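Colleague: Hey, I'm new to this one. Could you walk me through it?

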Amino acid sequence: MHPMTPAPYRVLARHRETADTVTLDLVPAGAAPLRPFRPGQYAMLYAFGTGEIPLSTSRIDGAVLGHTVRAVGKVSEALCRAERGDWVGSRGPYGTVWQTPPAGSDVLIVSGGIGLAPLRPLIEEVLDRVGEFGTVSVLTGYRDPGDQLFLHDLPRWCSRADVRTTVDRPEPGWRGAVGLVTGLLDRADFRPEHCAAYLCGPEVMMRATARELLRRGVAAERIRVSLERNMRCATAWCGHCQLGPVLVCRDGPVFGWDHAEGLLSTPER
Amino acid sequence: MDTTTAPLVELDEQGLAALVEALRQRGYTVIGPTVRDGAIVLAELASAEELPYGWGMAAEAGTYRLHRRQDRAAFAHSAGPQSWKTFLHPPRARLWQAARAEDGTVTVREDDDPPPRYAFLGVRPCDLRAIAVQDRVLTGGAYADPVYGSRRAGAFVVVAECTEPSAVCFCASMGTGPGLPQGSSYDLALTETVEPWRSPGPEAGGGPRYTVRAGSPDGEDVLAALPTRPTDGEHARRAVAEAAGRMGRTMDPTDLRALMAGTMTAERWDQVANRCLTCGNCTMVCPTCFCTTTEETTDLTGDHAERWRRWDSCFDLDFSHVHGTGPVRSSARSRYRQWLTHKLGTWHDQFGSSGCVGCGRCIAWCPVGIDLTEEVAALRAEAAASEAVPPEGAP
């Protein structure tokens, strides 16, 4: 099969997350499903007649693949309109994975906005085996309370991990934290020397969080981030995801901060 | 020089015509140089008569002109506006088609047309290296591009060593020409020589001669069917060796990867950005630039869709678009820097070689005459000057 040919999937369920974001749970609609995905990897999702975009997996559950899509362009808008039973094409799995934290480590997961989506399969994996780790903290930051994702998962997550949320712009009645997600680090319980950290969100948020963690003594290679660039192929042929010496589609999207810091240190503009 | 032990033989002009005919009879679509629209382009040749016999060219930064020669040389030109990537990595390629049934089920069908079988006549050593570079990019990784791979696998390659470099050529600096470097992979390699003291024209016995050697079993097979005579090839070797001394430009290849990595904040980028139009011509004519984008087309019913791939350029503002933030590289400075540092520097990290083969096309076809050899020299000088600044407190 041509590496650019999508495999047939169907929408098993569609969850509205926010005003502009839905999660599509997909199941294979053909004889040959894609190879299993690992947390951190992404697919190229195809909306018939519109086009294809890279999307991380926000759920990996047997053959079910979840993708959380925010409508920001014509393909993501088309995908957000997909309903239960609709056909969607998919290719993958592509890219590097969130490496499972070493046993005994304190797991620290920090997200900004929709950056929580690629972290969700990792959160599920860690919570399934929560006894193998020290503390597990999930710190999520959003612009507005209305941007919060996976609210239906929260009670379950909160029962097994320390989950904290902060917003930039509180609304009347908001009782959580206000401010940058780095502000939550003071309240999270983790041992820097035994910490495995996973960050996903806007680059400015990941940079600020990584610096804060370094300052507290977390080793750079134990801080992992997921980077985003334009991608057209996911197969390292199209050149769009160039980031200095790496192709994000092939060498990423997950990088250790020991590597990513240099990649992000040159202002590209 | 290529160290093949294949015996050298010689073809005359009729022999070259017989080569084109032999390739066509074997079912190849023969692509070679021909004069069109005031340039030597690469196109299908119905016969060797369409070769640019007697044409020469001159190129400089921002210019390219043909002129008549005093002899009947067919390969007395260097790179034109195209390269072989036009055929191996087509500017537009359909990847698949999809049809939607009434129940919404979509069936994706890959194109299964047999790929064209090309014979490339007159591949310059610099361009042969460019093909090797694209081989690594498009078929050397975890995923092999079937569009490129199928065309490449079926291609018969006839190299023409270079004896007439132009003013924008610097293959000798890059170690890619004008003769075939060691370890090159090809089917036939020929070297054209003309003897100017004889009157032109095959009738007078003064036409071009082609010293030929085979580099593959297929090449041996084709060569065996041609009217050849033995030669020691000495005149051909001499012509290629002399060409190496007539390169119009040079680029110091020392540590280009490290130089590029260290120039990210160089002032020279501002200087070149003042001239660069970000038109992308350099990326279109470059024989190794491989970037593409994808396009989705639908018919009027909306139930038939096609996925097309077309060449794209890192100079295009949309190239690096990321939702929410817009183009990652929004300035001319950052886009020219991306192109040059990738070509000469980070290409090594990504694909294990330089992306530059020294063909000079980007110099000739830049509408404002930006010359990468000049830019590299300036960047090198700027780096040397900043290193030469004595540390504070030094005497």
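Modeller: Sure, we can go chain by chain and then look at some details.

Modeller: This is a predicted model, where local features need pLDDT of at least 70, side-chain atom pairs count only at pLDDT 80 or more, and totals for chains, interfaces and linings use all residues. Residues are numbered from 1 along each chain as its sequence is written, while chains are lettered from A and ligands numbered from 1 in the order in which they are written.

Colleague: OK, how many helices and strands does chain A have?

Modeller: Chain A has 6 helices and 16 strands. Those are DSSP runs numbered from the N terminus, with helices being H or I of at least four residues and strands being E of at least two. Its radius of gyration is 18 Å, close to the 18 Å from the globule rule for 269 residues, so chain A is as compact as a globular protein of that length. That radius is taken over C-alpha atoms, and the rule is 2.2 Å times the number of residues to the power 0.38.

Colleague: And what share of chain A is buried?

Modeller: Buried residues make up 51% of its 269 residues. Buried means 20 or more other C-beta atoms within 10 Å of a residue's own, exposed means 12 or fewer, and partly exposed is in between, with C-beta atoms placed from the backbone.

Colleague: What about chain B, how many helices and strands there?

Modeller: Chain B has 13 helices and 16 strands. A compact globule of 395 residues would have a radius of gyration near 21 Å, and the 23 Å of chain B agrees with that. Along the principal axes, its C-alpha atoms fill a box of roughly 85 × 70 × 35 Å. Buried residues account for 47% of chain B.

Colleague: Where do the two chains meet, and how many residues does each give?

Modeller: The contact takes 41 residues from chain B and 33 from chain A; residues are in contact if their C-beta atoms, placed from the backbone, lie within 7 Å. On the chain B side, β6, β7, β13, β15 (321–322) and α11 each supply at least two residues. The largest share of that side, 6 residues, comes from α11(B).

Colleague: Which sheet is β7 of chain B in?

Modeller: It belongs to an open sheet of 4 strands in the order β7-β6-β14-β13 in chain B, with antiparallel pairing. Two strands pair if DSSP finds at least two bridges between them. The edges are β7 (106–110) and β13 (292–298) of chain B, each pairing on one side only. Strand β6 (residues 92–100) of chain B is joined to β7(B) by 5 bridges, and one partnership there is B:Gln97 with B:Arg109 in β7(B).

Colleague: Switching to helices: how far apart are the end C-alpha atoms of α13 in chain B?

Modeller: They are 24 Å apart, which agrees with the 24 Å expected for the 17 residues of α13 (residues 372–388) of chain B at 1.5 Å a residue. The expected span is 1.5 Å times one less than the number of residues.

Colleague: Which residues of α13(B) are buried?

Modeller: B:Leu372, B:Thr373, B:Glu375, B:Val376 and B:Leu379 are buried in α13(B). They cover an arc of only 160° around the axis, which puts them on the same side of α13(B); the arc is that of the directions from the helix axis to the C-beta atoms. The buried residues pack against α8 (256–261), α9 (268–273), α11 (332–351) and α12 (361–364) of chain B. On the face turned away from the buried side sit the exposed residues B:Ala381, B:Ala384, B:Ala385 and B:Ala388.

Colleague: Back to chain A. Why call strand β6 of chain A largely enclosed?

Modeller: Because 6 of the 7 residues of β6 (residues 64–70) of chain A are buried. Strand β2 (residues 21–28) of chain A pairs with β6(A) in the antiparallel sense over 6 bridges, and A:Leu26 has A:Leu65 in β6(A) as its bridge partner. Strand β5 (residues 59–61) of chain A is also antiparallel to β6(A), joined by 3 bridges. β5(A) and β6(A) form a hairpin with 2 residues between them, and A:Gly62 in the turn has a positive phi of about 60°.

Colleague: Last one: is A:Val225 buried or exposed?

Modeller: A:Val225 is buried, with 28 other C-beta atoms within 10 Å. It lies in strand β13 (residues 223–226) of chain A. Leaving aside residues up to four places away in sequence, A:Val225 touches several residues, including A:Leu199, A:Phe255 and A:Trp257.
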